[in-house]
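Trainee: Could you take one part of this model and walk me through it closely? I would like to see how it sits in the whole chain.

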Amino acid sequence: MLLGTFALLILAPVAALLFEAATPLTHGQSWRTLLGHDLFANLLATLELAALTAALSLIAGALLAGLVEATPVRWQQGLEPLLLGSFLMPPYLTAVAWSLIAGPVGLWNQVLGHGGLALAKLLYALPGMAIVMALHLTPLVYVMASAALRGVDHRLIETAQVHGASPLRAR
């Protein structure tokens, strides 16, 4: 009885979804649409977005990890929860929030009038989407980079400072 209920509530909707997704592909027109001339342009734009997002996330996360590791320990207790706060929000809520703030009819444009249209145009372009995605992924890079920096032996840093390296260069 439990397996029957499982099949009815979970497997049946999944099977129906897969059937509906595969049904249009039996006609020739759907394949032409799927593999149309825009396929490679869209694939290239997706790869550009992924590369730009990864680069921005790596740069921001590594810089934040370096800054937090260079600050006194008592400040780290307040900084880390702020940096990791975006893990508490799903990514689609981050996108909706940015749309409500900086979109064409967002709060930014309502306050500044037409002066905020440049920000709205940026938000819906490739760099804007990459920035919003990078803001959400930066804490993940921060966690990994800060763990790597915490593994550095502090005696090596102190030795470098004894031999004349500045505190920033020693780190």
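Mentor: We will start with the whole chain, look closely at helix α3, and end with a patch on the surface. The model is predicted, and local features are used at pLDDT of at least 70, side-chain atom pairs only at pLDDT 80 or more, while totals for chains, interfaces and linings use all residues. Residues are numbered from 1 along each chain as its sequence is written, and side-chain values use heavy atoms, with hydrogens and water left out.

First, the whole chain. It has 10 helices and zero strands. Both are DSSP runs numbered from the N terminus: a helix is H or I over at least four residues, a strand is E over at least two. The order along the sequence is α-α-α-α-α-α-α-α-α-α. Of the 171 residues, 18% are buried. Buried means under 20% relative accessible area, exposed means over 50%, and partly exposed lies in between, with a 1.4 Å probe and protein chains only. Now take contacts, meaning heavy atoms within 4.5 Å. Among those between residues at least 6 apart in sequence, 62% join residues at least 24 apart.

Now the close look. Helix α3 covers residues 39–70, which is 32 residues. The expected span of a helix is 1.5 Å times one less than its number of residues. For α3 that gives 46 Å, and its end C-alpha atoms are 46 Å apart, so the two agree. The buried residues of α3 are L49, T53, S57, G61, A65, V68 and E69.

Take T53, in α3. Its relative accessible area is 3%, so T53 is buried. A polar atom of the T53 side chain lies 2.7 Å from the backbone oxygen of L49. That is a polar contact: a pair of N or O atoms within 3.5 Å, where within protein one must be able to donate a hydrogen and the other to accept it, and residues adjacent in sequence count only if both atoms are side-chain atoms. Setting aside residues up to four places away in sequence, T53 touches A130, M133, A134 and L137.

A55 is also in α3. With a relative accessible area of 35%, A55 is partly exposed. A55 and A130 are 75 residues apart along the chain, yet their C-alpha atoms are separated by 9.4 Å.

Further along, A65 and E69 come up again. S146, in helix α8, is in contact with both A65 and E69, leaving aside its neighbours within four places in sequence. S146 counts as buried because its relative accessibility is 3%. A polar atom of its side chain lies 3.2 Å from the backbone oxygen of V143.

Last, the surface. W98, I101, L107, W108, V111, L112, L119, L122, I131 and L135 make a nonpolar patch of about 900 Å². The elements giving two or more residues to this patch are α5 (91–102), α6 (107–112), α7 (117–123) and α8 (126–150). Helix α6 gives the most, with four residues. One residue of the patch, V111, is in α6. V111 counts as exposed because its relative accessibility is 63%.

Key:
Patches are made of residues with over 30% relative accessible area and no salt bridge: like charges are joined within 9 Å, nonpolar side chains (Val, Leu, Ile, Met, Phe, Trp, Tyr) within 5 Å. Accessible areas come from the Shrake-Rupley method with a 1.4 Å probe; for residues, only the protein chains shown count as cover. A salt bridge is a side-chain nitrogen of Lys or Arg within 4 Å of a carboxyl oxygen of Asp or Glu.
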